[in-house]
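User: Please go through the structure shown below and explain how each descriptive label follows from the computed values.

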Amino acid sequence: MDVKFTFEFGGINKFGKIYRPMAQVLLKSPSLQIWSQVWMVVDTGADFTILPRYVAKDLGISLEKDCVVDTTSGVGGEQKIYLCNLPVTAKVGNNERKIPLAFFDNDEVPPLLGRLGFLETFNVEFLKSHVVIFRE
């Protein structure tokens with residue numbers, strides 16, 4: 001079954017109106033056995049899913065005990081991240097996946113829904129009408 005989300009309006013700059021492909025993702029805490037809802041940027045440029053630091057706390061994940069420190073680099077330069085050792089289930093609509101998950105060392109970067117273990121397991125379509133579709 002297709003799952004569709006409307007892009008989020010991100011404002012206007014000198015190039016025009018900005019729209020971001022967003023998806024509502026449920027993440028299951030590996031220790032608390034609860035689901036947390038996170039709106040994420042659907043980012044085909046992100047190798048894997050990376051979340052702001054505060055989401056680790058919401059999921060009951062200790063960055064010091066449950067993760068290993070690494071670095072990532074992108075448009076903003078190099079940044080410290082925490083790679084989660086625990087299995088995390090992500091769900092879009094009724095579609096569940098066990099995904100690799102990392103956390104930024106701050107809360108300044110938006111949640112990024114990446115390719116490895118998630119986007120690459122769907123046919124994802126970005127429509128010019130500012131809709132993103134996930135297909136099995």
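Analyst: Rings of Phe, Tyr and Trp, the last taken by its six-membered ring, pair if their centres lie within 6.5 Å. In this predicted model, ring pairs link Phe5, Trp39, Phe118, Phe122 and Phe134 into a cluster. The structure holds 6 aromatic pairs.

User: Why is the pair of phenylalanine 5 and tryptophan 39 called edge-to-face?

Analyst: The ring centres of phenylalanine 5 and tryptophan 39 are 5.8 Å apart, and a pair requires centres within 6.5 Å. Planes over 60 degrees apart count as edge-to-face; the planes here stand at 85°, so the pair receives that label. Phenylalanine 5 belongs to strand 1 and tryptophan 39 to strand 5, so the pair ties together parts 34 residues apart in sequence.

User: What makes phenylalanine 5 buried or exposed, and what of tryptophan 39?

Analyst: Buried means under 20% relative accessible area, and exposed means over 50%. Phenylalanine 5 has 11% and is therefore buried. Tryptophan 39 has 42%, which lies between the two limits, so tryptophan 39 is partly exposed.

User: What kind of aromatic pair do phenylalanine 5 and phenylalanine 134 form, and which parts of the chain does the pair link?

Analyst: The pair of phenylalanine 5 and phenylalanine 134 is edge-to-face, at 6.2 Å centre to centre and with 80° between the planes. It links distant parts of the chain, phenylalanine 5 in strand 1 and phenylalanine 134 in strand 14, which are 129 residues apart. Both residues are buried.

User: How do you know that arginine 97 lies over the face of phenylalanine 122?

Analyst: The charge of Arg is placed at CZ, which must be within 6 Å of the ring centre and within 35 degrees of the ring normal. Arginine 97 is at 4.1 Å from the ring centre of phenylalanine 122 and lies over its face. Likewise, lysine 91 lies over the face of tryptophan 35, at 4.7 Å from the ring centre.

User: Which residues touch the most other members of the largest nonpolar core, and which elements contribute to it?

Analyst: The largest nonpolar core has 30 residues, of which Leu27, Phe103, Leu113, Phe118 and Phe134 touch the most other members. Two or more residues come from each of several elements, including strand 1, strand 4, strand 5, helix 1 and strand 14. Apart from this core lies another, of 9 residues, among them Met22, Val41, Ile81 and Ala102. Phenylalanine 118 touches Ala90, Val92, Arg97, Ile99, Leu113 and Phe134, leaving aside residues up to four places away in sequence.

User: Why is isoleucine 81 counted as buried or exposed, and what does it touch?

Analyst: The relative accessibility of isoleucine 81 is 0%, and the limit for buried is under 20%, so isoleucine 81 counts as buried. Isoleucine 81 is found in strand 8. Beyond residues up to four places away in sequence, its contacts include Phe48, Ile50, Val68, Ala102 and Phe103. Isoleucine 81 and phenylalanine 103 are 22 residues apart in sequence and 5.5 Å apart in space, C-alpha to C-alpha.

User: What makes strand 7 and strand 8 a pair?

Analyst: Two strands pair if at least two bridges are found between them. Strand 7 and strand 8 run antiparallel and are joined by 8 bridges, so the criterion is met. One bridge partner of this kind is leucine 83 in strand 8, which belongs to valine 68. The two strands form a hairpin with 2 residues between them.

User: Why do strand 1 and strand 13 stand at the edges?

Analyst: An open sheet of 3 strands has the order 1-14-13, with antiparallel pairing. Strand 1 and strand 13 each have a single partner strand, so one side of each is left without a neighbour in the sheet. Neighbouring strands are turned by 15° against each other on average, direction ignored. Strand 13 and strand 14 pair over 5 bridges, and asparagine 123 stands opposite arginine 135 in strand 14.

User: Why is histidine 130 called partly exposed, and where is it found?

Analyst: Histidine 130 has 29% relative accessibility, between the limits of 20% and 50%, so it counts as partly exposed. Histidine 130 is found in the loop between strand 13 and strand 14. Its phi is positive, about 65°, although it is not a glycine. Most residues other than glycine have a negative phi. Glutamine 33 also has a positive phi, near 55°, and lies in the loop between strand 4 and strand 5.

Technical notes:
Residues numbered from 1 in each chain as written. Predicted model: local features only at pLDDT ≥ 70, side-chain atom pairs only at ≥ 80, totals over all residues. Heavy atoms only, no water. Helix = DSSP H or I, 4+ residues; strand = E, 2+ residues; numbered from the N terminus. Buried < 20%, exposed > 50% of the residue type's maximum accessible area, 1.4 Å probe, protein only. Core = buried A, V, L, I, M, F, W, Y, C linked by side-chain atoms within 4.5 Å. Contact = heavy atoms within 4.5 Å. Axes fitted to C-alpha atoms, helices over the stretch in contact; angles between N-to-C directions. Phe/Tyr/Trp six-rings, centres within 6.5 Å; stacked < 30°, edge-to-face > 60°.
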